[in-house]
Each structure stands twice: as structure tokens, then as C-alpha cells.
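Me: I'm new to this one and would like to understand the reasoning behind the labels. Could you take me through it?

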There are 2 protein chains.
Amino acid sequence: VGSPKPRRSTHLASEDEVLELIRHTLGDRTEAFGLRDDAAVLGLPAASTLVASVDCVVEGVHVDLSVCTPGDVGWKALMGALSDLAAMGAAPFGALVALCLPGGSGEGELALGVTAGVAEAAAAAGCPVVGGDVSEAAQLVVAVTVLGTVGGDGVPVSRSGARPGDVLLVTGPCGASAAGLRGLRAGTASTDAASAYRRPVARVREGMLAREAGARAMIDISDGLALDLHRLADASGVGFTLDDVPVAPGASLADALGGGEDYELVVALSARDADTLTERFESAGLRAPVRIGSVVSDRAERLLNGEPLEGLGWQHRVG
Amino acid sequence: VGSPKPRRSTHLASEDEVLELIRHTLGDRTEAFGLRDDAAVLGLPAASTLVASVDCVVEGVHVDLSVCTPGDVGWKALMGALSDLAAMGAAPFGALVALCLPGGSGEGELALGVTAGVAEAAAAAGCPVVGGDVSEAAQLVVAVTVLGTVGGDGVPVSRSGARPGDVLLVTGPCGASAAGLRGLRAGTASTDAASAYRRPVARVREGMLAREAGARAMIDISDGLALDLHRLADASGVGFTLDDVPVAPGASLADALGGGEDYELVVALSARDADTLTERFESAGLRAPVRIGSVVSDRAERLLNGEPLEGLGWQHRVG
């Protein structure tokens with residue numbers, strides 16, 4: 001439904017109240033998009049390509065409410081979905097949020113908390129919530145669909161365009177989320193480390209600038225640098241050789257390679273375009289990208305400092 | 001994610017297998033939309049308005065696997081979301097499906113069954129699946145986001161345009177889903193009755209023709225004719241008086257008014273446009289719409305056969 005209407009979910013005693021809280025939290029954004037009708041009506045920019053992606057966050061599977069607030073869950077759900085748009089070089093356009101809430105007491109606070117986190121992430125990323133649905137469920141589930149547009153030539157960046165000789169860049173240090181979670185569980189996390197886990201930021205601006213600078217292939221490293229690099233190499237039919245992996249403060253090399261839930265982007269592009277990208281990031285006040293290696297023609301060659309790098313990915317973290 | 005990649009969901013032992021089954025079931029549609037990248041890339045028709053809606057189906061809340069197959073759940077999830085687009089007069093464009101599956105054995109069959117049902121509904125409605133996500137969860141959850149387009153003048157039909165004097169039509173008899181569920185539980189359902197519950201059909205073509213015929217307001221009656229008529233009247237600032245409610249075979253008047261999960265549409269339009277609509281439905285080989293009453297200016301007047309009609313809605317059916 002376009003509006004979060006009380007559809008087929010009558011077990012929530014306070015559901016109307018929850019929906020009002022959600023509308024209140026989202027504020028003017030809902031009205032602007034006609035959220036009280038059956039579907040959201042969206043005026044897209046002319047001559048742009050639409051991209052769309054969906055991502056799900058499940059309590060006890062992807063998030064642990066003992067180390068994050070409901071607001072963190074909402075934030076992570078929206079940013080996780082947006083990170084996939086960032087990897088295409090797309091501009092965020094709008095999000096639709098399906099919220100499944102456990103029955104019983106307290107669902108109003110949970111719903112409000114999650115929704116507030118979604119709204120904060122939406123505001124931070126410039127991606128208004130344009131539709132939603134609320135249901136009862138055994139556990140908290142937040143499914144976020146994001147829509148984005150690609151202007152200019154309208155061609156998004158795929159995973160499959162990397163060519164031998166391309167430079168591989170990453171937009172920031174890796175492993176911060178895994179290190180943050182470990183610190184939160186041990187009660188030793190710094191504010192920055194906790195934020196890396198609880199409030200990760202999708203690299204939307206970076207992705208758009210990388211596309212404009214000539215990126216040939218791009219992927220976010222939300223399942224870990226190693227696994228996602230393998231995916232990019234598989235899709236492009238190439239290999240890679242890495243000579244540097246920037247490791248976040250407090251993180252291990254294993255966190256950086258396989259910790260996951262980092263929303264940095266890996267970009268493959270020509271050496272000349274890599275210089276352009278670096279200049280554009282600097283002009284935009286963004287953190288300088290780090291050169292981690294290069295693309296090679298032998299697709300069986302997947303090396304870090306001359307040793308084979310396995311495609312190990314995100315490991316289940318909760319429960 | 002555009003492709004149903006194995007993201008943050010590593011508890012499913014056979015998840016790669018599940019994903020391959022899903023790709024196989026969806027077949028060529030996935031390739032056509034570049035489903036193996038981070039996000040789906042969608043070429044929209046020029047000069048059309050985009051509409052979007054999300055709807056969630058939760059096992060034990062909205063569906064009962066003792067009276068439906070996994071395929072029925074997938075079908076109902078897609079059609080439920082599409083019904084909201086139908087109510088706007090939009091043409092289906094594509095769907096993104098987030099699938100949360102219980103862990104443990106058998107999730108491959110469950111995933112395949114649900115996905116097959118989604119694919120059957122997608123084919124029946126001409127709404128290809130363009131993106132997806134698979135996660136583990138405590139219970140089966142299917143969240144479907146649908147995208148649609150409105151051509152012509154690009155103006156979708158809202159709930160809020162009904163005017164005093166308008167005719168109210170419904171696209172078919174009401175209460176069939178509730179009657180079907182009752183019959184399935186009692187073991188007495190006819191094939192038609194079972195289908196009404198298990199394989200409801202969103203009135204997509206009817207909604208598009210109604211828009212073209214001049215519909216001023218429209219809503220689907222998935223929460224029951226009475227509640228949804230009240231919503232349409234509230235949004236339009238009007239009342240209504242009904243003199244006929246078509247009741248489906250095996251259904252009671254209470255089923256027809258409040259059973260819910262019927263995907264018929266209620267349309268408000270001028271008497272002249274109602275005649276046009278009826279002719280166009282006939283030309284298209286669609287069931288003739290039924291005139292149920294008319295719109296009145298007093299918004300407090302909400303009558304059926306001269307008696308007040310309460311806005312009772314869908315009642316929780318499972319568990």
C-alpha cells in the first residue's frame with residue numbers, strides 16, 4: 001500500500017496509534033507523496049533511468065537488539081538498501097518500507113523507534129519514504145525497497161565492466177562494522193566504533209561521483225571485501241591482485257576482508273579516471289579513496305600480497 | 001539487492017541452492033532485467049507516471065499453511081500488492097520480492113513453492129519480478145513491492161475524487177475469499193471457492209479501463225467492502241447510500257461487507273461514465289460491473305438499504 005494503512009493486521013491493539021506515530025515521524029514527506037492513498041505517486045525526473053533494489057533486516061538474524069536500538073535497526077535497514085543503489089552510481093529517489101512487528105505490549109515504542117531511525121537515515125541520505133506497510137509478525141522484520149535514478153547518459157555502473165589493467169579503489173577503511181560490534185558486545189566500543197556498526201552510512205555521493213568519473217565496475221562490500229571482490233571479478237570475467245587493504249581502527253585484517261556490513265564501495269576504473277575520481281572526491285570534501293590493487297586478465301588469479309585470497313564472506317553474527 | 005544474492009543470511013545451509021531455484025523459476029525475466037547486479041535497471045515508458053506500493057504477507061497472520069500451499073502464499077502476496085496498483089488505474093511494471101524463510105530443513109522446497117507462486121502470479125498479471133532478497137526468519141514473510149505506470153494524462157485515480165451524485169460500482173461479487181476459507185477449513189470448499197481464497201486475481205485490467213472511462217475515485221476492497229467504502233468516502237469528504245451488495249456464492253452478507261481479501265474494486269464515477277465503463281468491460285470480455293449505490297453530499301450519511309453501515313473491516317483469520 002502507498003500509505004501505512006492498518007491492513008490485515010488487526011492483532012495489534014494499538015495499531016492505529018502506531019500508524020499515527022509513523023505518519024508523525026515521517027512528517028511532511030508523507031503528505032508530499034500522497035501517502036494516504038493505495039499507492040505512492042512518483043514524478044520521476046525526465047530522461048533518467050530507474051533502478052530498484054530490496055533488502056531485508058531481521059531481528060536475531062541481521063541485528064541484535066541487545067547492542068542496537070530500534071532506531072539503529074531502522075537506520076541500518078534503509079542504509080543497507082541504499083548501499084546497493086550507491087554501487088550503481090544512482091541518486092536516491094524514494095523508499096518503501098514494510099515493517100513487521102512482534103505482537104504484545106510495547107510494539108508502539110518499537111514501531112516508533114524503528115520508524116524514527118528510518119526517517120533519520122532517509123533525511124541523511126536524501127531518500128524520502130514514499131510508501132509503507134505495517135504487519136504483525138513473530139519477530140521484527142524491516143524490508144526496504146529503494147528506488148533511484150541515473151541521470152546523464154542514464155547508464156548505471158554494473159559489476160561486470162572491469163577490465164585488465166584497471167585500478168581498484170575502495171572508498172574507506174574496512175572492518176569497522178565488525179570491530180564496532182565486537183566492542184559493543186565487550187562494552188569497550190568507542191563512539192566511532194559503535195557508530196560504524198549502528199549507524200553505517202551508504203556511500204551514495206561517492207558512488208555518483210565514481211560513475212561520473214568513468215567507473216567501469218562497482219560493488220558495495222556489505223558482505224565483506226573478499227567475497228564482494230570475487231563477485232565483481234566473476235561478473236567481469238577477470239582476476240585481481242591486491243597489495244593493500246585499509247583496515248579500520250580496532251579491526252583485524254580478517255574483519256576487513258570478511259567482517260561485512262561495511263558500506264564502502266570498490267571501484268574499478270582506468271588509472272587516469274582514478275586520478276579524476278580522487279580529485280572529485282577531494283573537491284566534494286569526501287575522504288580520499290584508497291588504491292588497493294588492480295584488475296588482471298587471468299580470472300583464476302585472485303591474490304592479496306601474492307597469496308590466494310579466498311572469497312570468504314559475511315559470517316552470521318547473531319544468536 | 002537487485003539479484004536475490006545470499007546476503008547476510010548464512011544460516012540457510014542450502015541458500016545458494018534456493019537462490020538458483022528462484023532464478024530458475026523466474027526464468028528469462030531475471031536476465032532481461034539484469035537481476036544479477038546490485039539493483040535492477042528499469043527502462044520506463046516515456047512520459048508516464050510511476051506508482052509504487054508495498055504489501056506484506058506473514059505466515060500465521062495473513063495466511064494459514066494448513067489451507068494453502070506455499071505457491072498460494074506467493075501468489076497471494078504478489079496479487080495483494082498488485083491490487084493496490086489496480087485501484088490507481090496503473091499498469092503493472094515490475095515487482096521486487098523480499099522472502100524471509102524459516103531455518104531448518106525444507107526451506108528449499110518452501111522457497112521454491114513460494115517463488116513458483118510468485119512467478120505464476122507475475123506471469124498472469126504481466127508484472128515481471130525484477131528484484132529480490134532472501135533472508136532467514138522465524139516464520140515465512142513475503143514482502144512485495146510493485147511498481148506501475150500510468151500513461152495517457154499520467155494522472156492515477158485516487159480515493160478522494162468522488163462527488164455527490166456519482167454512481168458506485170463494484171467489479172464483482174463480494175465475500176468469496178471469506179467463504180472459500182470457511183469451506184477449506186470445513187473440507188467442503190468447491191474448486192471455485194477454494195480458488196477465491198487461494199488464488200485471488202487483482203483487477204488490473206478493470207482498474208485501467210475504469211480510469212480511462214473517467215473514474216473519479218477508486219479503492220480495492222481487500223479489507224472488506226464496508227471499511228474500504230468508508231475510507232473512500234472519508235478521503236472524498238462525502239457519504240454514500242447503497243441499495244445492493246452482490247454476495248458471492250456460499251458467502252453471507254457479513255462476508256461480503258467485512259470478510260476482506262476480495263480484490264474487487266469499487267469505482268465512483270458519473271452515471272454517463274458508468275455506462276461507458278460497462279460498455280468497455282463488455283468489449284474487453286470482462287465481467288459486468290454491479291451498481292451498488294451512489295455518492296451523497298452528507299458525509300455522515302453511510303447507508304445500506306436505509307440503515308447505517310458501520311465501517312467494519314477485515315477480521316484476523318488465522319490462529
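Reply: Sure. Bear in mind that this is a predicted model. A good place to begin is B:Leu277, which touches B:Leu169, B:Ala210, B:Ala213, B:Val267, B:Leu269 and B:Pro289, leaving aside residues up to four places away in sequence.

Me: What makes those touches count as contacts?

Reply: Contact is called when heavy atoms come within 4.5 Å, so each residue on that list has passed this cut-off with B:Leu277. B:Leu277 also belongs to the largest nonpolar core, which has 60 residues. There it is among the members that touch the most others, along with B:Met79, B:Leu82, B:Leu140, B:Val142, B:Val144 and B:Val146. Helix H3 of chain B, residues 70-86, gives the most to this core: nine residues.

Me: Which residues does the other core include?

Reply: The second core is separate and has 59 residues, including A:Leu85, A:Leu110, A:Ala122 and A:Cys127.

Me: How do you know that A:Cys127 is buried or exposed?

Reply: Buried means under 20% relative accessible area, and A:Cys127 is at 0%, so it counts as buried. A:Cys174 also has 0%, and therefore it is buried by that cut-off too.

Me: Why is A:Cys127 not in a disulfide?

Reply: The two sulfurs would have to be within 2.5 Å, but the closest cysteine sulfur to that of A:Cys127, in A:Cys56, is 17 Å away, so that is too far for a bond. Over all chains, the count of disulfides is zero.

Me: Which residues of helix H5 in chain B are buried?

Reply: In H5(B), residues 176-186, the buried ones are B:Ser177, B:Ala178, B:Ala179, B:Gly180, B:Leu181, B:Gly183 and B:Leu184. Their cover includes helix H6 (191-198) and helix H9 (253-258) of chain B. Just after H5(B) comes B:Gly187, with a positive phi of about 75 degrees.

Me: What makes A:Lys76 count as sitting over the ring of A:Tyr197?

Reply: For distance, the charged end has to be within 6 Å of the ring centre, and there is an angle test as well: within 35 degrees of the ring normal. The charged end of A:Lys76 is 3.7 Å from the centre of the A:Tyr197 ring, so the distance part is met, and the pair is listed as sitting over the ring. In chain B, B:Lys76 lies over the face of B:Tyr197, with 3.7 Å to the ring centre. As for aromatic pairs, the count over all chains is zero.

Me: Why is strand E8 of chain B said to pair with E10(B) and E11(B)?

Reply: Pairing takes at least two bridges. E8(B), residues 239-242, has four to E10(B), residues 290-296, so they pair, and they run antiparallel. With E11(B), residues 302-304, there are three bridges, so that is a pair as well, in the parallel sense. B:Thr241 takes part in both: it stands opposite B:Ser294 in E10(B), while its bridge partner in E11(B) is B:Leu303.

Me: And what about A:Asn305: buried or exposed?

Reply: Exposed means over 50%, and A:Asn305 has a relative accessible area of 56%, so it is exposed. A:Asn305 lies in the loop between strands E11 (302-304) and E12 (307-308) of chain A, and has a positive phi of about 50 degrees although it is not a glycine. B:Asn305, at 55%, is exposed by that cut-off too. B:Asn305 is in the loop between E11 and E12 of chain B, with a positive phi near 50 degrees.

Note on methods
Residues numbered from 1 in each chain as written. Chains lettered and ligands numbered in written order. Predicted model: local features only at pLDDT ≥ 70, side-chain atom pairs only at ≥ 80, totals over all residues. Heavy atoms only, no water. Core = buried A, V, L, I, M, F, W, Y, C linked by side-chain atoms within 4.5 Å. Buried < 20%, exposed > 50% of the residue type's maximum accessible area, 1.4 Å probe, protein only. Helix = DSSP H or I, 4+ residues; strand = E, 2+ residues; numbered from the N terminus. Phe/Tyr/Trp six-rings, centres within 6.5 Å; stacked < 30°, edge-to-face > 60°.
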